[in-house]
Amino acid sequence: MNRRFFGKAVAFLLILTMCFGFGCAKKNDTKTIAGYALEPSEGTYAYVIHTPHATWHLAAADIELLGEEKFFEGLELFLENQEADFTDAIAALDGYLDEVPVIDIYTDLSGRTEEARSGNFGAYCRWNVPCIELYQPDGAFEGLLHEYVHYLTHCCMRCEIVGDFWSEAIAEYVSKFACKNRILHSAFTEEGRTIYAEHGFADADGDPDLKKIYCAAAAAYRDGSMVGQTFTVVSQASVRMTERMVEHPMLTMLSYQETACFFDWLVEHYGKDLVFANMTIGQGDFKDVFGEDFETLFFNWAADNQALCEENGLNRDVWGN
């Protein structure tokens, strides 16, 4: 995902929110949001909302920070789409999950926690609690379903996951490729949709196609276009791309886009059962599981990915917008 462009799109969305609203109830006596009861609470969290798969805890400080009207207008976008998205994620992992308890979601837009204050996360899943915390409006739109998949795969999945690559790979694969991700799509402005469509990144319904966007971005990392540029790897570190990283990729030094696309390619070629059963291996173990070493498999994927971009006429000039 082009985070700079996506950020502009969401910023524009938030401006529209402030100016025009989204049609939810706007008064202090609001009883429902998107059909869900708004239950008063005490202490840090002023309200609680229960959906079939999540319990939302709405911080009083966050409501005061944004203003009640704007806070609930933005919240409605999440609640209109959250259940359908969470249901899709569970379905994408069908056969690999045990019972899926309701997850607690806490808002923290005012920066109570260290993660919120760092500015590095839009949303964060605490697996040991478990719960999801939302820190930034734009990052939360992009990250909520991703973090819910973290919850499913680390707390409800029978397959073991070890390491940043596998953890982020399956979260990106499910949230961006296997699911519609209505929450994220709700944040695209009409301007953003038009730009993506003009550059070949629309799906059959005219919506931005996340898989096409990811494939084109991943290709940029592989063809040397990103050499000298700083990007975030799956360990969440910020690094500068070098020619050596292009020539000799490392499992722990891949972008999120490469990670998602490579994981998707592995599933397509080797099946979910084999891939899901081996989300503990390191770079040196790939040949034992897949019959080829990591670099061979990765460059095979990169060639297929480049061909896919060319076949679909994906115009990467969009990254300059």
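In this predicted model, helix H5, which runs through residues 137-156 and so comprises 20 residues, reaches 27 Å from its first C-alpha to its last, close to the 28 Å expected at 1.5 Å a residue. Helix H5 nevertheless bends by about 50° at Gly-143. Of the 20 residues of H5, 16 are buried, so the helix is largely enclosed by the rest of the structure.

From this helix we can turn to the aromatic side chains, among which the structure holds 30 aromatic pairs. One of them joins Trp-166 and Phe-263, whose ring centres are 6.2 Å apart and whose planes stand at 70°, so the pair is edge-to-face. Because Trp-166 belongs to helix H6 (residues 164-178) and Phe-263 to helix H11 (residues 256-270), this contact ties together parts that are 97 residues apart in sequence. Both partners are buried, Trp-166 with a relative accessible area of 1% and Phe-263 with a relative accessible area of 0%.

Another pair is formed by Phe-262 and Trp-265, where the ring centres lie 6.3 Å apart and the planes meet at 15°, so the arrangement is stacked. These two residues are three apart in helix H11 and are therefore separated by about one helical turn. An α-helix has 3.6 residues a turn, so residues three or four places apart point the same way. Phe-262 is buried, with a relative accessible area of 0%, and Trp-265 is likewise buried, at 8%.

A contact of another kind involves a charge and a ring: the charged end of Lys-211 sits over the ring of Phe-177, at 5.7 Å from the centre of that ring.

Technical notes
Residues are numbered from 1 along each chain as its sequence is written. This is a predicted model: local features need pLDDT of at least 70, side-chain atom pairs count only at pLDDT 80 or more; totals for chains, interfaces and linings use all residues. Side-chain values use heavy atoms; hydrogens and water are left out. Helices (H or I, at least four residues) and strands (E, at least two) are DSSP runs, numbered from the N terminus. The expected span of a helix is 1.5 Å times one less than its number of residues. The bend at a residue is the angle between axes fitted to the seven residues ending there and the seven starting there. Buried means under 20% relative accessible area, exposed over 50%, partly exposed in between (1.4 Å probe, protein chains only). Rings of Phe, Tyr and Trp (its six-membered ring) pair if their centres lie within 6.5 Å; planes under 30 degrees apart count as stacked, over 60 as edge-to-face and the rest as tilted. A charge sits over a ring if NZ of Lys or CZ of Arg is within 6 Å of the ring centre and within 35 degrees of the ring normal.
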